[in-house]
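The exercises below are meant to be worked with the sequence and the model side by side. Try each task before reading the solution that follows it.

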Amino acid sequence: MRKKRKFTKRTKWAYIFIAPSMIILTIFVFIPVIASFFLSFTEYDGISPPKIIGLKNYITIIFKDPLFWKAVKNTLFYVIFTVPLGIAVSLLVSLALYQRIKFSALFRTGFFLPTVTSIAAVSVVWRWIYAGDRYGFLNYVLTKLGVISVIQDWLMQPSTTLPAIIVMSIWGGVGYNSIILLSGLQSIPDSIFEAAKIDGVSSWEKFWYITLPMLKPVMLFLVIMSTINSFQVFEQVYIMTSSTEYFGGVLYSALTIVPYLYERAFKRFMLGYASALAYLLFVIIFVFTLIYMKISKFYEE
Amino acid sequence: MKNFVKILIILTIFCFSCSKKEQKNVLTIWHVGSEEEAQIIKNLADKYFTPQEGIQVVCESVSWSEAHTKYLTAIAGEVLPDLGTMGLTWATEFGSKGAMIELKESFPEDMEQIEKSVFRSIWDSVKWKNKVYGIPFDMTVQILYYRKDLIPNPPQTWDELVSLLEHGKKFVIGWGSLDWIGFSPFLWQAGGDYYDKNGTKAILDSREALVALKFFSSLYTKYNVPRSAENFAAGFRSGEYPLVMCGNWLINSFPAEMPELEGKWSIALLPKGPSGKRTSFIGGRVIGIFKTSKNVDKAFKFIKFLMKPEIQIEIYNEIAKSKNIYLPPNIDVWKNLPIQEEFKKILFEQIKEAKGPPSVLGWDDSTKYVVESIQNVVVLGSEPQQELQKLNKKLNELIKN
């Protein structure tokens with residue numbers, strides 16, 4: 001049985017120390033979270049007082065809002081490609097870095113750089129890389145190499161917009177993911193590999209039967225975190241596909257949930273509607289996380 | 001412990017409450033635009049306005065990308081400045097929500113004067129149901145940039161434009177590609193419009209609108225006008241894109257960026273459409289007073305101060321130093337405006353023959369459908385007529401007047 005917690009002289013100081021961050025969290029996280037839950041049942045434009053309309057926001061979103069479903073579809077597409085590909089690439093990078101190759105520190109820094117750079121700044125650069133005439137960097141390189149003969153307008157044609165953003169996001173996530181994976185790799189005791197060596201295990205088997213299973217907790221953490229992050233993708237989409245007059249790419253080809261929410265909340269000032277969107281996104285992410293947890297439990301048993 | 005919590009709460013409340021200061025003798029302005037421009041306004045106020053009126057002026061810059069959101073948040077929280085410059089249609093939007101002072105009612109005589117002195121084309125966009133919440137602060141107008149060495153005579157009509165395109169000269173829409181800002185001039189040149197004269201119903205199902213949309217989409221699908229215009233300046237420099245339709249902001253930046261092109265480029269009026277009109281799109285910023293201001297009279301005096309010809313010329317000179325351009329909305333100022341004669345004539349003509357965004361409440365919600373229809377036709381090859389009829393219905397639903 002758990003002991004009942006009491007205020008003692010010792011715990012008092014603990015509370016004092018967590019107080020500042022708790023106050024900040026309360027003001028900027030807990031209160032808004034609760035407030036937006038209530039707002040999701042209202043119609044609120046930020047100026048006139050909120051009007052309670054029950055479940056109407058949710059009903060409109062789910063049954064009458066084609067843009068929401070477009071955003072959900074795009075977001076799922078984005079998540080399905082970004083998460084597995086991102087982690088696979090990161091795994092390759094971390095394995096390479098683990099081999100103690102020459103200039104390993106240099107590579108590590110290189111891969112990690114996008115992580116410490118503001119994603120907004122990076123998005124502006126990628127917008128130029130994808131720019132649609134022969135002055136766009138990607139077009140320039142690809143035509144010089146003879147890969148493509150017709151210049152592509154990467155961010156202005158529905159079929160390539162989202163894939164272009166996925167590629168950029170994978171690149172942006174590799175640094176963080178591979179550093180975490182690298183630390184996972186380094187925590188695997190050398191003695192296991194030595195034992196395997198004595199048993200004459202091939203390097204592919206070593207990877208498949210030792211490295212991967214030992215990395216599982218780290219992988220699970222990464223999968224969950226990058227799924228959550230990918231569902232909430234915002235800056236890349238917003239900066240790379242929005243002009244002053246439209247958002248989410250040509251014909252909403254790259255519109256994902258959070259940019260849509262942002263547009264509703266802060267361009268149209270439909271705060272109640274946007275709050276409902278936020279809670280639907282929460283439900284989606286929650287369901288996915290539960291599924292992951294279940295799957296990983298299943299494998300453990 | 002209980003006491004401790006109490007003290008903490010009191011301390012927090014104290015911290016938040018003491019930050020609110022009431023400053024009576026200061027006019028605060030938010031300026032949508034660069035830090036430099038805000039500084040220019042502040043300097044002019046310090047030099048001429050404060051000594052006369054005895055009131056300090058503080059001018060803070062707000063970036064375009066966050067400005068609209070910031071204003072709406074500030075309106076919700078009632079933490080507004082006295083004055084603000086803003087996008088052309090915002091003043092009406094905020095005004096209709098009750099956040100801004102209606103100027104015609106508050107200052108009828110002065111407003112009559114101001115209305116007479118400002119270009120008609122831009123005034124039409126700030127007037128809504130005979131109410132005015134913001135006065136034009138500057139203007140931005142679409143014009144045609146062309147390479148004199150490659151195209152000796154700029155196209156005067158749509159037909160001439162097409163014949164140039166057929167001869168392999170490329171054309172770029174640098175402002176408003178694939179959206180309504182790029183489409184609007186063609187719509188107006190064809191003789192069409194978004195709404196009827198009184199703004200009571202949409203008229204995009206007209207024959208003129210169909211002609212315009214067909215022509216606009218043929219530019220992309222038949223004549224290879226690039227969809228994105230990210231790097232058109234490089235193309236203009238190399239001569240690949242000798243024709244660019246863009247805002248007037250390049251006039252002072254082109255010479256600085258590409259000095260080697262001196263004398264090889266110029267500007268021209270947009271080509272005439274089937275209706276014989278050369279209408280282009282005009283935008284700009286307006287300045288208005290917020291209801292929460294405690295110095296409404298002084299604030300209006302400051303607006304009048306900014307409208308003075310000598311002040312507008314000074315703003316022009318200061319802004320030109322940073323390779324930007326300021327087009328004053330005051331017609332009389334133009335005689336003495338130190339722009340090159342060659343450009344001044346064209347700009348003046350084009351501003352007179354220009355139109356701003358429709359002053360219809362509901363337009364801001366409608367633009368995304370206009371954009372969607374344009375993109376459906378250009379990108380997916382939808383039938384223009386059906387698309388316009390669908391769009392017209394949508395626009396009618398969204399009119400809130």
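## Exercise 1: the contact between the chains

The contact takes 27 residues from chain B and 24 residues from chain A, where two residues are in contact if their C-beta atoms, placed from the backbone, lie within 7 Å. This is a predicted model, in which local features need pLDDT of at least 70 and side-chain atom pairs count only at pLDDT 80 or more, while totals for chains, interfaces and linings use all residues. Residues are numbered from 1 along each chain as its sequence is written, and chains are lettered from A and ligands numbered from 1 in the order in which they are written.

Task: find which elements give two or more residues to the side of chain B that touches chain A, and sort the residues of that side by class.

Solution. Begin with the elements, bearing in mind that helices (H or I, at least four residues) and strands (E, at least two) are DSSP runs, numbered from the N terminus. Those of chain B that give two or more residues are α1 (2-17), α3 (64-77), α9 (180-189), α11 (232-238) and α16 (363-380). The most comes from α16(B), with 7 residues. Sorted by class, this side of chain B holds 12 nonpolar, 9 polar and 6 charged residues; here Ala, Val, Leu, Ile, Met, Phe, Trp, Tyr, Cys and Pro count as nonpolar, Asp, Glu, Lys and Arg as charged, and the others, Gly among them, as polar.

Task: locate A131(A) and decide whether it is buried or exposed.

Solution. A131(A) sits in the loop between α5 (119-129) and α6 (137-145) of chain A. A residue is buried if 20 or more other C-beta atoms lie within 10 Å of its own, exposed if 12 or fewer, and partly exposed in between. A131(A) counts as buried because it has 25 C-beta neighbours inside 10 Å. Leaving aside neighbours within four places in sequence, A131(A) is in contact with G136(A) and, across the chains, with S228(B), E230(B) and N231(B).

## Exercise 2: the domains of chain B and the core

Task: describe how domain 1 of chain B meets domain 2 of chain B.

Solution. By an automatic or database domain assignment, chain B is divided into domain 1 (25-139 + 282-348) and domain 2 (141-281 + 357-398). Taken over C-alpha atoms, the centres of these two domains of chain B are separated by 28 Å. Next, 21 residues of domain 1 of chain B are in contact with 18 residues of domain 2 of chain B. On the domain 1 side, the elements that give two or more residues are α4 (90-96), α7 (120-126), β4 (127-128), β10 (280-289) and α15 (341-352) of chain B, and α15(B) gives the most, with 4 residues. That side has 10 nonpolar, 6 polar and 5 charged residues.

Task: work out why the largest nonpolar core lies between the two domains of chain B.

Solution. A nonpolar core is a set of buried Ala, Val, Leu, Ile, Met, Phe, Trp, Tyr and Cys residues joined through C-beta atoms within 7 Å. The largest one has 174 residues, of which L144(B), Y145(B), A212(B) and V244(B) touch the most other members. Its largest share, 9 residues, comes from helix α7 (residues 158-186) of chain A. Domain 1 and domain 2 of chain B both give residues to this core, so the core lies between them. L144(B) touches, among others, P154(B), L243(B) and M245(B), when residues up to four places away in sequence are not counted.

## Exercise 3: a covered helix and an unusual backbone angle

Task: state how many residues of α9(B) are buried, and what they pack against.

Solution. α9(B) is mostly covered, with 10 of its 10 residues buried; W180(B), F183(B) and W188(B) are among them. These buried residues pack against β6 (135-147), β7 (171-173), α10 (207-221), β10, β11 (354-355) and α16 of chain B. Just after α9(B), G191(B) takes a positive phi of about 100°.

Task: place K129(B) and classify its exposure.

Solution. K129(B) lies in the loop between β4 and β5 (131-132) of chain B. Although K129(B) is not a glycine, it has a positive phi of about 50°. K129(B) counts as partly exposed because it has 13 C-beta neighbours inside 10 Å.
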